[in-house]
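Hi,

Here is the structure I promised to pass on. Have a look at it, and my notes are underneath.

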Amino acid sequence: MGRTFRYLSEFTVGEKFTTLSQTVTETDVILFAGITGDKNPIHTDKTYAEKLPFGTRIAHGLLGAGIATGLWGRMGMVDGSAIAALDTYWKFVGAIPIGDTIHCEITVKDIKRSEKKPDRGVLNLEYAIINQDGKVCQTGYMNTMLKWEE
């Protein structure tokens with residue numbers, strides 16, 4: 001069986017991908033709160049959160065970003081070519097209430113082959129996390145170092 005991932009040389013600027021969807025559950029939020037220690041009541045206290053503008057508990061912003069990278073990872077596009085995550089720029093433009101179903105629309109924004117190490121380069125992806133109602137919840141960019149080709 002042939003490989004299913006891509007090398008950096010096989011991506012095209014402007015190329016777009018849509019991930020599968022995932023419902024953000026109570027379990028996701030509680031586990032994330034426990035792992036990170038971020039137990040802010042907007043995420044963990046139903047009565048408190050109901051009094052805030054969103055009217056309900058919401059997922060941690062970084063949980064959304066983490067799910068986005070997981071949804072991209074599930075596509076298998078860079079499994080076998082990724083070397084390292086380099087940096088991330090992220091904006092939280094809307095809440096992700098518990099129970100929302102989100103997916104990502106991902107666009108290849110830039111591809112740079114390394115001049116010093118031409119066997120690798122950087123893939124810059126633009127992410128938009130979108131909920132079941134078509135509302136954008138988060139946006140961002142991630143740079144990942146990939147192998148250029150085999």
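Below is what turned up, starting with the ground rules and ending with a few single residues.

This is a predicted model, so local features need pLDDT of at least 70, side-chain atom pairs count only at pLDDT 80 or more, and totals for chains, interfaces and linings use all residues. Residues are numbered from 1 along each chain as its sequence is written, and side-chain values use heavy atoms, with hydrogens and water left out.

**Overall layout**

The protein has four helices and six strands. Here helices (H or I, at least four residues) and strands (E, at least two) are DSSP runs, numbered from the N terminus. Reading from the N terminus, the order is β-β-α-α-α-α-β-β-β-β. The C-alpha trace spans about 55 × 30 × 30 Å along its principal axes.

Of the 150 residues, 37% are buried. For accessibility, buried is under 20% relative accessible area, exposed is over 50%, and partly exposed is in between (1.4 Å probe, protein chains only). As for contacts (heavy atoms within 4.5 Å), take those with a separation of 6 or more: 71% of them come from residues 24 or more positions apart.

**The largest pocket**

This is probably where you will want to start. The search ran on a 1 Å grid over the protein atoms alone: a cavity is a set of points where a 1.4 Å probe fits but cannot get out, a pocket is an open set with protein on both sides within 12 Å along at least five of seven lines, and lining residues have an atom within 4 Å of a point. Grid points are joined across faces, edges and corners, and a volume is the space filled by probe spheres set on the points.

The largest pocket comes out at about 170 Å³. It has 15 lining residues, and Thr69, Trp72, Tyr127, Met142 and Thr144 lie nearest its centre. Two or more lining residues come from each of α4 (61-74), β3 (82-92), β5 (120-131) and β6 (136-147). By type, the lining has nine nonpolar residues, five polar and one charged. In that split, Ala, Val, Leu, Ile, Met, Phe, Trp, Tyr, Cys and Pro count as nonpolar, Asp, Glu, Lys and Arg as charged, and the others, Gly among them, as polar.

**Helix α4**

α4 has 14 residues, which at 1.5 Å a residue should span 20 Å, and its end C-alpha atoms are indeed 20 Å apart. The expected span is 1.5 Å times one less than the number of residues. Leu63, Gly64, Ala65, Ile67, Ala68, Leu71 and Trp72 are its buried residues. Just after the helix, glycine 76 takes a positive phi of about 70°.

Alanine 65 sits in α4 and has a relative accessible area of 11%, so it counts as buried. Leaving out residues up to four places away in sequence, alanine 65 touches Trp90, Ile129, Gln138 and Met142. Its C-alpha is 8.5 Å from that of glycine 140, although the two are 75 residues apart in sequence.

**Cysteines**

How many disulfides does a search of the whole structure find? Zero, with a disulfide taken as a pair of cysteine sulfur atoms within 2.5 Å. For cysteine 104, the nearest cysteine sulfur is that of cysteine 137, 9.7 Å away. Cysteine 104 is buried at 1% relative accessible area, and cysteine 137 is buried at 1% as well.

**A few other residues**

- Isoleucine 130 is in strand β5 and is buried, at 8% relative accessibility. Beyond its neighbours within four places in sequence, isoleucine 130 contacts Thr101, Ile102, His103, Glu105, Lys135 and Val136.
- Glutamate 105 is in strand β4 and is partly exposed, at 38%. Not counting residues up to four places away, glutamate 105 touches Phe17, Thr18, Glu126, Tyr127, Ala128 and Ile130. Its C-alpha lies 11 Å from that of glutamine 138, 33 residues away in sequence.
- Glutamate 115 is in the loop between β4 (101-113) and β5, and is exposed at 79%. Glutamate 115 and glutamate 26 are 46 Å apart, C-alpha to C-alpha, with their positions 89 residues apart in sequence.

Cheers
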